[in-house]
Amino acid sequence: MLVLVALSVLHIAAIILLLVATIDNAWWVTSTTSTDVWGRWMLTGNKWNLTDLPAGYPEDYLHAVQATAVLACIFSIIGLFVFITQLFTLANGNRFTISGVFQILACLFIMIAASIYTDRFHVNEHSIGNYGHSFILAWIAFALTFISSIVYFVLRKK
């Protein structure tokens, strides 16, 4: 029973990290800008203003990052609902395979999003900025979804 509670907490933590990484505005930060996959925030005076992303951003890659990050959130949330359903419907001795598949898909999608962002954006800007907390949270969510998917594949219902 304790394992199921710990796994549920791990799964919910992964969902929260995925949502924060996808929604929050800090994939790339400098002293006057904060950029995410949806827009760029510019500090003007003492006020942050939302602007469009720079024209030089490769749009195809940006759309791929946006889509895969959103899909990671969706698959992880579906995986949680499937896990709760399997708790009540799965026969004893069976594995939580379907929940594991949804989590491994979420893991794959957030890895793709973060990898594309790493490879295609801000390549020549490392002297003026850094990856922000949302980018780091995306990689932490990758690890958590991977761990939870492995646990789902290994765990049997008693």
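This is a short tour of one protein chain, to be followed in your viewer.

**Stop 1: the whole chain**

Start with everything shown. The model is predicted. The chain holds four helices and five strands. Trace the elements along the sequence and you meet them in the order α-β-β-β-β-α-α-β-α. The C-alpha trace spans about 60 × 30 × 20 Å along its principal axes. Of the 158 residues, 41% count as buried. Now think about contacts between residues at least 6 apart in sequence: 69% of them join residues at least 24 apart.

**Stop 2: helices α1 and α4**

Select residues 2-23 for α1 and 133-154 for α4. How do the axes of α1 and α4 cross? They come within 8 Å and cross at roughly 150 degrees. That angle makes α1 roughly antiparallel to α4. The crossing of α1 past α4 is left-handed.

Now show side chains. On the α1 side of this contact, pick out Leu7, Leu10, His11, Ala14, Leu17, Leu18, Val20 and Ala21. Facing them in α4 are residues including Leu137, Ala138, Ile140, Ala141, Leu144 and Thr145. Colour the contact of α1 with α4 by class: you should find 15 nonpolar residues, four polar and no charged.

**Stop 3: Thr145**

Stay in helix α4 and select Thr145. Is Thr145 buried or exposed? Its relative accessibility is 0%, so Thr145 counts as buried. Leave aside residues up to four places away in sequence, and Thr145 touches Ala14, Leu18, Ser76, Gln103, Ala106 and Cys107. Ala14 and Leu18 were among the α1 residues you picked out in the contact with α4. Gln103, Ala106 and Cys107 are among the buried residues of α3.

Try a distance as well. Draw a line from the C-alpha of Thr145 to that of Leu53: the two are 92 residues apart in sequence and 29 Å apart in space.

**Stop 4: helices α1 and α2**

Keep α1 and add α2, residues 59-89. The two helices, α1 and α2, pack at an angle of about 160 degrees, and their axes are 9 Å apart. That makes α1 roughly antiparallel to α2. Here too, α1 passes α2 in a left-handed crossing.

Which residues of α1 make the contact? Select Leu4, Leu7, Ser8, His11, Ile12, Ile15, Leu18, Leu19 and Thr22. From α2, the partners include Ala69, Val70, Cys73, Ser76, Ile77, Leu80 and Phe83. The contact of α1 with α2 divides into 14 nonpolar residues, five polar and no charged.

A general point helps when you look along a helix. An α-helix has 3.6 residues a turn, so residues three or four places apart point the same way.

**Stop 5: helix α3**

Select residues 97-120, which form helix α3. This helix has 24 residues. From its first C-alpha to its last, α3 reaches 34 Å, close to the 34 Å expected at 1.5 Å a residue.

Show the buried residues of α3, among them Phe102, Phe109, Ile110, Ile116 and Tyr117. What do the buried residues of α3 pack against? The list is α1, β1, β2, α2, β5 and α4.

Bring α2 back beside α3. The helices α2 and α3 pack at about 160 degrees, with axes 8 Å apart. That makes α2 roughly antiparallel to α3. Their crossing is left-handed. By class, the contact of α2 with α3 has 20 nonpolar residues, seven polar and one charged.

**Stop 6: His122**

Follow the chain past the end of α3 to His122. This residue lies in the loop between α3 and β5. Check its backbone: phi of His122 is near 60 degrees, a positive value in a residue other than glycine. Most residues other than glycine have a negative phi. At 5% relative accessibility, His122 counts as buried.

**Stop 7: Thr30**

Finish in the loop between β1 and β2, where you will find Thr30. With a relative accessible area of 23%, Thr30 is partly exposed. Beyond its neighbours within four places in sequence, Thr30 is in contact with Ile128 and Gly129. For a last distance, select Glu125. Its C-alpha and that of Thr30 are separated by 9.8 Å, while the two residues are 95 apart along the chain.

Conventions. Residues are numbered from 1 along each chain as its sequence is written. This is a predicted model: local features need pLDDT of at least 70, side-chain atom pairs count only at pLDDT 80 or more; totals for chains, interfaces and linings use all residues. Side-chain values use heavy atoms; hydrogens and water are left out. The expected span of a helix is 1.5 Å times one less than its number of residues. Buried means under 20% relative accessible area, exposed over 50%, partly exposed in between (1.4 Å probe, protein chains only). Contact means heavy atoms within 4.5 Å. Axes are lines fitted to C-alpha atoms, for helices over the stretch in contact, and angles run from 0 to 180 degrees between N-to-C directions. Angles under 35 degrees count as roughly parallel, over 145 as roughly antiparallel, 65 to 115 as roughly perpendicular and the rest as oblique. A crossing is left-handed if the near helix is turned anticlockwise from the far one by less than a right angle, and right-handed if clockwise. Ala, Val, Leu, Ile, Met, Phe, Trp, Tyr, Cys and Pro count as nonpolar, Asp, Glu, Lys and Arg as charged, and the others, Gly among them, as polar.
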